[in-house]
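These are my notebook entries from a session spent looking through one structure. I wanted to see what fills its interior and which charged side chains pair up.

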Amino acid sequence: MKYAYAGSAAYTHDAYARSDDYLAMLVSARQEAEALLGSGILDPTATTIAEIGPGNGRRSGAFLARLADGGRPCRRYLALDFSATLLSLACARLTHSAGAAMTVDARLWDIECGSSDQVERWRPADGPVVSCLLGHTLGNVDSPAAALGNIHAGLRPGDVLLVSVLLRCDEGAATTLAPYRGPEFRAAALEPLLAAGIAEADLEFDLSFHDGVVTGAAVLEREVVVDGACLPAGHRIHCFQSRRFSCSDVTGAVAQAGWHVRDVVTEPGGVHLVVTATRG
C-alpha cells in the first residue's frame, strides 16, 4: 500500500489529494485547527509542529493558516514521511506560502517500522512539539496502535498529539466507497503496478468495504511476469486500505500507546473525530 505514495506514485497521489472526492471525505483543516486551539494545551509562547504524513502539503497549509488566525502561528514546522517525493512536494508548497514567517524542514520516518530520533534531533531546545496525524492518516496504517506507540517513543513528556480520523457510520458500503471510485484515486492506487511494468489493460481495480475497512485490490486479467515472477490471471494484489474507527477505538489506541487523552471532538454529523492528547 505504501507504494501508492512513493516515487512516481507521489504525483498521482498529489492529483487525487486535490480532487473533490478526497477533499469532501476528510474533516476540514479548519476543524482540525480549531480542535487544537480549543483544547487549551498549546504553548502560549511558540507553536512547533511535526506533521506525520503531510501529503502534498495543501491541507497542511490551510491548517497552519487557521492556527495563525487563532493567535498560535507556527514558527517551526517539520514534515515527516517515508516518501521523499511527497515530502519535496509538501515542503515546496508550504515554503512558498509561509515565506520567512515559518521555518520548514523535512525528515524521512516510516512510523510503521519503529521509533525514530528525527524529531528529537530537529526540535528546539525548549518547549513542546505538537505531533499531527491529520486527514485520516492513522486510518491508512496496518496497526494504528503500533504506529501511535512508535510516535510516543520518539517524543518527549509534555509533547502534544493531534489525530483526526473518519468514524464508522451507517451510511452503507455504496456511500462509503463513492469517494474512491473516481479516476484520480484509481490512478493513484494503480501507479506502483504500472511503474513495475504491468499494463493498465491487464488490471481490474476492485473496491470493497468490510468490517469498517475500505480495501482496494488490483486483479490480473491475464498472466503477467514481473521481475521474473509469473503471476497468474485472477491474482489479487493489495493496493490500498482505509480503516474507519469508533470513538473508543481511537481513544483506546491513543491511551494504550501511553498518551493522555485531553480532548475529543466529534464533528457535526458524527463522521469525523479529532483527538488531542499529551505525552506523560
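The entries below go through the cores, one helix, the salt bridges and one glutamine.

**Entry 1: the cores.** I kept in mind throughout that this is a predicted model. I began with the largest nonpolar core, which has 29 residues, and I looked up which of them have the most contacts inside it: these are Ile 111, Val 119, Leu 133, Leu 138, Leu 148, Ile 151 and Trp 259. I then asked which elements give two or more residues to this core, and found strand 1 (47-52), strand 2 (74-81), helix 6 (118-122), helix 7 (144-153), strand 5 (160-166), helix 10 (247-256) and strand 12 (272-279). Taking Ile 151 as an example, and leaving aside residues up to four places away in sequence, I noted that Ile 151 touches Ile 52, Trp 109, Ile 111, Ser 131, Leu 133 and Trp 259. Apart from this core lies another, of 24 residues, and I wrote down Ile 41, Leu 64, Leu 87 and Leu 134 as among its members.

**Entry 2: helix 10.** I next looked up which residues of helix 10 are buried, and listed Val 250, Thr 251, Ala 253 and Val 254. These four lie on the same side of helix 10, because they cover an arc of only 160 degrees around the axis. As a reminder to myself, an α-helix has 3.6 residues a turn, so residues three or four places apart point the same way. The buried residues of helix 10 pack against helix 7, strand 5, strand 11 (259-266) and strand 12, whereas the face turned away from the buried side carries Ser 248 and Gln 256, which are exposed. Just after helix 10, I noted that Gly 258 takes a positive phi of about 105 degrees.

**Entry 3: salt bridges.** How many salt bridges does the structure hold? I recorded nine, and I went through some of them in turn.

- Asp 206 pairs with Arg 236, with the closest N and O atoms 3.0 Å apart. This pair links distant parts of the chain, since Asp 206 is in strand 6 (residues 203-210) and Arg 236 is in strand 10 (residues 236-243), 30 residues apart. Both are partly exposed, Asp 206 at 25% relative accessibility and Arg 236 at 47%. I added beside this that salt bridges with shared partners join Arg 30, Glu 34 and Arg 66 into one network.
- Within that network, Arg 30 forms a salt bridge with Glu 34, the closest N and O atoms being 3.1 Å apart. Arg 30 and Glu 34 both lie in helix 3 (residues 29-39), four residues apart, or about one turn of the helix. Arg 30 is partly exposed, with a relative accessible area of 49%, and Glu 34 is also partly exposed, at 32%.
- Asp 117 and Arg 121 meet through their side chains in a salt bridge at 3.4 Å, N to O. Asp 117 counts as partly exposed at 43% relative accessibility, while Arg 121 counts as exposed at 60%.

**Entry 4: Gln 118.** Is Gln 118 buried or exposed? Gln 118 sits in helix 6, and because its relative accessibility is 13%, I entered Gln 118 as buried. I then looked up what its polar side chain reaches, and found the backbone oxygen of Leu 108 at 3.1 Å. Not counting residues up to four places away in sequence, Gln 118 touches Leu 78, Leu 80, Arg 107 and Leu 108.

Notes:
Residues numbered from 1 in each chain as written. Predicted model: local features only at pLDDT ≥ 70, side-chain atom pairs only at ≥ 80, totals over all residues. Heavy atoms only, no water. Core = buried A, V, L, I, M, F, W, Y, C linked by side-chain atoms within 4.5 Å. Buried < 20%, exposed > 50% of the residue type's maximum accessible area, 1.4 Å probe, protein only. Contact = heavy atoms within 4.5 Å. Arc of directions from axis to C-beta. Salt bridge = Lys/Arg side-chain N within 4 Å of Asp/Glu carboxyl O. Polar contact = N/O pair within 3.5 Å; in protein donor to acceptor, adjacent residues only side chain to side chain.
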